Amino acid sequence: MTVTGADLDGAELDLLTDTLRKTMAAATGRELDAALAGLGWPDLLAESPDLAVPLVFRLLGETGTHAAVLDDVVRHAAGLAGPGPVPLPFAGATWVVWDRDGEPGATVDEELPLRTVATGTELSRNALAAGRRALGWWLLGTGHAMLALARRHAVERIQFGRPLASFQAVRHRLAETLVALEGAQAALYTAEGELGALLGKAAAGQAALTAARHCQQVLGGIGFTAEHDLHRHVRRTLVLDGLLGSTRELTRAAGAHIRVAGSAPRLAQL
């Protein structure tokens, strides 16, 4: 089945979302790349990037899968063609490539086929902004995946004869996580232009890091074990946050921009 984003109504969008979710549940990595191509991901990205990017990248985060779609987004925004992955800036003034044909295991997240390279060419502003928006949605989905794991544990776990979710401290951590994720989503919805994309990615990165911290506390010891899925999402968060600038680096860049400009632009009409 090949789909495009033109004139999708609500029912068709729900069907596409369900199809993508089931596809990601059954495949990851190179297999998912092939499956997404079969579903029309390249056409959807070319015709309706505002629909394709939030939908696909958020689902990648929620399902914990991965594909080389970030490379596709950057290439499309930069107008690049030809084989070979695009070098991407990483936190700490380093460079990596998302090698869709490579073997995973070279980064903190051992599932991702990322490898470091000596140097790279600066991406265009459009490509950098598009990549940051995409990563923001991925981080948002990852944060929601961690929140779902922690919430389920809090509801099901009995502590001192009471559900863990009945304790105020646990509720506060889950609530703070949800507020952070909702705020990041609002930032991503209004992430227009270079500065908007920078702030959207920074907000999503901070929200995902907040989710990792709070959800780890809610899950307690089981969250540290290899048998539980939380550690996979935490590692994914750390890597995605570093791609195209970490939360700390982007926040500093935003501050420097505002200091030079002498004012902060209005990013959303409230």
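This briefing covers aromatic ring pairs, a charge over a ring, and one loop residue. The model is predicted. The aromatic pairs number four. Trp 98 and Trp 138 form one aromatic pair, which is tilted, and this pair links distant parts of the chain.

**The pair of Trp 98 and Trp 138**

- A pair of aromatic rings is described by two values, the distance of the centres and the angle of the planes.
- For Trp 98 and Trp 138 the distance is 5.6 Å centre to centre, and the angle between the planes is 35°.
- This pair counts as tilted because an angle of 35° is neither under 30 degrees, as stacked requires, nor over 60, as edge-to-face requires.
- Trp 98 belongs to strand β2 (residues 94–98), while Trp 138 belongs to helix α6, and the two residues are 40 apart along the chain.
- Trp 98 has a relative accessible area of 1%, so Trp 98 is buried.
- Trp 138 is also buried, because its relative accessibility is 0%.

**The ring cluster**

- Ring pairs join Trp 41, Phe 57, Trp 98 and Trp 138 into a cluster.

**A charge over a ring**

- Arg 162 places its charged end over the ring of Phe 167, at 4.4 Å from the ring centre.

**The loop residue Ala 118**

- Ala 118 is found in the loop that runs between β3 (114–117) and α6 (125–156).
- Ala 118 has a relative accessible area of 82%, so this residue is exposed.
- Pro 87 is 31 residues from Ala 118 along the chain, and the C-alpha atoms of the two are separated by 9.6 Å.

How values were computed: Residues numbered from 1 in each chain as written. Predicted model: local features only at pLDDT ≥ 70, side-chain atom pairs only at ≥ 80, totals over all residues. Heavy atoms only, no water. Helix = DSSP H or I, 4+ residues; strand = E, 2+ residues; numbered from the N terminus. Buried < 20%, exposed > 50% of the residue type's maximum accessible area, 1.4 Å probe, protein only. Phe/Tyr/Trp six-rings, centres within 6.5 Å; stacked < 30°, edge-to-face > 60°. Lys NZ or Arg CZ within 6 Å of the ring centre and 35° of its normal.
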